[in-house]
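Reader: I should be grateful for a close look at the largest pocket, beginning with the residues of its lining. Please then relate it to the other features that deserve a bench biochemist's attention.

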Amino acid sequence: MPGLDDLYKEIILDHYKSPRNRGELETPPAVKAEGFNPLCGDEITVFLKVETDDEGTERVVDVAIGGQGCAISQASASLMSSAVKGKTLAEVDDLTHTMKAQLGIEGAEPREAPLGDIEALKGVGRFPERIKCATLSWNTMTEALEQH
Ligand code: ZN
């Protein structure tokens, strides 16, 4: 049986206790989406500011996270916010797929995207009832980007 150490890795606890990029962004120019995980009561708000650079590439130039919930949901949102800042939308899409694939989500195909600290969430895949906690912020980000 997987132990709790697999679930609450040090990186996850650090991001839960000291969440990165907490706050709000002005909408517009930022886009915003809210997500809710009724299984656990987690709430996440994602603000993203996307700009097109000189070469015509769309890039996440700023991100802010609001909400409340369990350690996994909040740490995942914090890890995500750190990972996507400065990335192109194509890179964000690759990262989202790779992150979901490591949790064994159906339909997600791993791509060539370095996960870095996000790999700490891999252990959550062994706790099926917690997977929605880990994916909530990522699904909410995808929703925000669809409005962009
Ligand atoms: Zn949760």
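Author: The residues that line the largest pocket divide into 5 nonpolar, 4 polar and 4 charged. The model is a predicted one, and the pocket in it has a volume of about 190 Å³. Its lining comprises 13 residues, and Val92, Asp93, Thr96, His97 and Thr142 are the closest to the centre. Two elements, α4 (89-102) and α5, each give two or more residues to this lining. The largest share comes from α4, with 6 residues.

Helix α5, which covers residues 131-147, also holds Met141. Which residues does Met141 touch, not counting those up to four places away in sequence? They are Val46, Leu48, Met80, Val84, Val92 and Thr96. Val92 and Thr96 were named above among the residues closest to the centre of the pocket. Met141 counts as buried because its relative accessible area is 1%, and the limit for that class is under 20%. The fold also brings Met141 to a remote part of the sequence: its C-alpha atom is separated by 8.3 Å from that of Lys32, although the two residues are 109 residues apart along the chain.

A second residue of helix α5 is Thr135. Thr135 has a relative accessibility of 6% and therefore counts as buried. When neighbours within four places in sequence are left aside, Thr135 is in contact with Leu103 and Ile105.

The metal site comes next. The zinc ion is coordinated by the SG atoms of Cys40, Cys70 and Cys133 and by two OD contacts from Asp42, at 2.1 to 2.8 Å. Along the chain, the donors follow the spacing C-x1-D-x27-C-x62-C. Within this set, Asp42 and Cys70 form a pair that links distant parts of the chain: Asp42 is in strand β2 (residues 42-52), Cys70 is in the loop between β3 (58-68) and α3 (71-84), and their positions lie 28 residues apart in the numbering.

Are the ligands of the zinc ion buried or exposed? Asp42 is buried, at 0% relative accessibility, and Cys133 is likewise buried, with a relative accessible area of 0%. Cys70 has a value of 16% and is still classed as buried because the limit is under 20%. Cys40, by contrast, reaches 36% and counts as partly exposed. As for cysteine pairing, the structure holds 0 disulfides.

An enclosed space should be set beside the open pocket. A search of the whole structure finds 1 cavity of 30 Å³ or more, and the volume of the largest cavity is about 30 Å³. Pro19, Arg20, Arg22, Ile65, Gln74, Ala77 and Ser78 line this cavity. By class, these residues divide into 3 nonpolar, 2 polar and 2 charged. The element that gives the most to the lining is α3, with 3 residues. Helix α3 was met above at the metal site, where Cys70 sits in the loop between β3 and α3.

The loop between α2 (10-17) and β1 (31-37) merits separate inspection of its backbone. Most residues other than glycine have a negative phi, and most peptide bonds are trans. Asn21, which is placed in this loop, has a positive phi of about 55° although it is not a glycine. Its relative accessible area is 21%, so Asn21 counts as partly exposed.

Where in the chain are the cis peptide bonds of Pro28 and Pro29? Pro28 lies in the loop between α2 and β1, and so does Pro29. A cis bond joins Thr27 to Pro28, with omega of about -25°. The next bond, from Pro28 to Pro29, is also cis, and its omega is near 15°.

To return to the part requested, the pocket is lined chiefly from α4, which gives the most residues. Helix α5 is among the elements that give two or more, and α5 is also the place of the buried Met141.

Key:
Residues are numbered from 1 along each chain as its sequence is written. This is a predicted model: local features need pLDDT of at least 70, side-chain atom pairs count only at pLDDT 80 or more; totals for chains, interfaces and linings use all residues. Side-chain values use heavy atoms; hydrogens and water are left out. Helices (H or I, at least four residues) and strands (E, at least two) are DSSP runs, numbered from the N terminus. Buried means under 20% relative accessible area, exposed over 50%, partly exposed in between (1.4 Å probe, protein chains only). A disulfide is a pair of cysteine sulfur atoms within 2.5 Å. Contact means heavy atoms within 4.5 Å. Donors are N, O and S atoms within 2.8 Å of the metal (3.2 Å for Na, K and Ca); water is not among the atoms, so sites may look incomplete. On a 1 Å grid over the protein atoms alone, a cavity is a set of points where a 1.4 Å probe fits but cannot get out, and a pocket is an open set with protein on both sides within 12 Å along at least five of seven lines; lining residues have an atom within 4 Å of a point. Grid points are joined across faces, edges and corners, and a volume is the space filled by probe spheres set on the points. Ala, Val, Leu, Ile, Met, Phe, Trp, Tyr, Cys and Pro count as nonpolar, Asp, Glu, Lys and Arg as charged, and the others, Gly among them, as polar.
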